[in-house]
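The questions below ask how certain labels are earned, and each answer sets a value beside the rule that applies.

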Amino acid sequence: MMRPLAWCFVGWGMATPARWLEGLNVLEGKTYPHHPVMLQVPQQSFKIEPGFVMDLCGLKVPHYFDCTNLCNRSNFQWFNYYRDVPSRRLACLEHQAHSLAKLSHIQVRLPLIDDDYGEHVSVYQSMLRHRHGTFRVMELGARWGTWAARAITFLRAVKPEVLHEAYFVEPARRSCGAVVQVMKLNGIRYQLRCTLATPEVFLEMMQGIDFMDLLHVDIQGAEDKLFTDPRVAQVLRKHVARIILGTHSELIHSKLAELYKDWIPIFSLPTGPGHVACLMEHFRQNGTDFGPSVEDWNRVRERKCFHPTPQGGVVNMDGLLVLDNVRWVDEAKAFSLNDTDLRIDDLKA
């Protein structure tokens, strides 16, 4: 185990260990220590460019993809992350505030603690533990390629000598165009299939790949058919080190957790009984495209429409499973969201 070595500078040149930094849990209104993985992210400033929002490590994203405040309507209205994910909404609002203040640069802060947080940490840890050869990430249900792009920009910030390859499958034509745009903007090497993520398509994409660091899947219920296909399961067990899997019903979540119980369970965030109806009422029906009200947040807390995590309670519409492959990962050294020390030596030699 390694303790985080990252430092950040606050005030007038005073250095303080980044391990002291804490993140705000948006549901509880409390702060928790940032996960050691998140403390490895360089705290940098970036030039503000019209039409773009800067993500961590300098990832450049067109603002109309997610920032309703900057364009009145998201390019992806059917997945309104500005409304539903506080950390993404705050990033858009901070960009707007810096622009209105006539500042030329922005320092991108570590994220709030919401339902994206465990996913974000798991993506970054996959990169930090990478050892040899090309870092490979595949995203099924890519939207604009959020998680692969975040992993690779982090890779270039801390391991610039390591080559990368990103693979995407996305059925929506508009989202396919967004993937192309983001990858070209950020100089990321990629392959894209603009189609449904069927077992056949996944198997084709994996041909010739001996080792995949990370497979991220968010395919709106089709994960059931994909992950119960025995051919897919065989390829996963042979070639993929980590799966980050979005689940879209309680039944699918429990079914796939049981089916892949021989994998190392890193994180499980299910959807609870009545949670989706509660969140639909307070975040979708009562809220607006600009997010839920303070009163709606209060009602969600009162009704306990959330799940506990090591960084406090989070509200989630979808479930999440993070699984590591015992073929590639040493279970005795496995990373966890409970970690207080940095674990990046869990891959087997």
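Q: Why is Cys57 called buried?
A: Buried means a relative accessible area under 20%, exposed means over 50%, and partly exposed lies in between, with a 1.4 Å probe and protein chains only. Cys57 has 11% relative accessibility, so Cys57 counts as buried.

Q: What kind of model is this, and how are residues numbered?
A: This is a predicted model, in which local features need pLDDT of at least 70 and side-chain atom pairs count only at pLDDT 80 or more, while totals for chains, interfaces and linings use all residues. Residues are numbered from 1 along each chain as its sequence is written, and side-chain values use heavy atoms, with hydrogens and water left out.

Q: What makes Cys67 and Cys92 a disulfide?
A: A disulfide is a pair of cysteine sulfur atoms within 2.5 Å, and the sulfur atoms of Cys67 and Cys92 are 2.0 Å apart. The torsion about their S-S bond is about -75°, so this disulfide is left-handed. Cys67 sits in the loop between strand E7 (60–62) and helix H1 (68–71), and Cys92 in helix H3 (residues 86–100), 25 residues apart; helices (H or I, at least four residues) and strands (E, at least two) are DSSP runs, numbered from the N terminus. Cys67 has 2% relative accessibility and is therefore buried, and Cys92, with a relative accessible area of 2%, is buried as well.

Q: How many disulfides does the rule give, and which pattern do they follow?
A: The count comes to three disulfides, in the pattern 1-2, 3-4, 5-6 when bonded cysteines are counted along the chain. One of them joins Cys176 and Cys194, with sulfur atoms 2.1 Å apart, and this link is right-handed, with 105° about the S-S bond. Cys176 lies in helix H6 and Cys194 in the loop between E11 and H7, so the pair ties together parts that are 18 residues apart in sequence. Cys176, at 6% relative accessibility, counts as buried, whereas Cys194, at 28%, is partly exposed. Cys278 and Cys305 form a disulfide too, their sulfur atoms being 1.9 Å apart.

Q: How do you know that Asp224 and Lys255 form a salt bridge?
A: A salt bridge is a side-chain nitrogen of Lys or Arg within 4 Å of a carboxyl oxygen of Asp or Glu, and the closest N and O atoms of Asp224 and Lys255 are 3.0 Å apart. Asp224 belongs to helix H8 (residues 223–227) and Lys255 to helix H10 (residues 250–259), so the pair connects parts that are 31 residues apart in sequence. Lys255 has a relative accessible area of 38% and is therefore partly exposed.

Q: What are the relative accessibilities of Arg83 and Asp84, and are these residues buried or exposed?
A: Arg83 is at 13% and Asp84 at 17%, so both are buried. Their side chains meet in a salt bridge, at 2.8 Å from N to O. By the same rule the count comes to 19 salt bridges.

Q: Why are E11 and E14 said to stand at the edges of their sheet?
A: Two strands pair if DSSP finds at least two bridges between them, and seven strands form an open sheet of mixed pairing in the order E11-E10-E9-E12-E13-E15-E14. E11 and E14 each have a single partner strand, so one side of each is left without a neighbour in the sheet. E10 and E11 pair in the parallel sense over four bridges.
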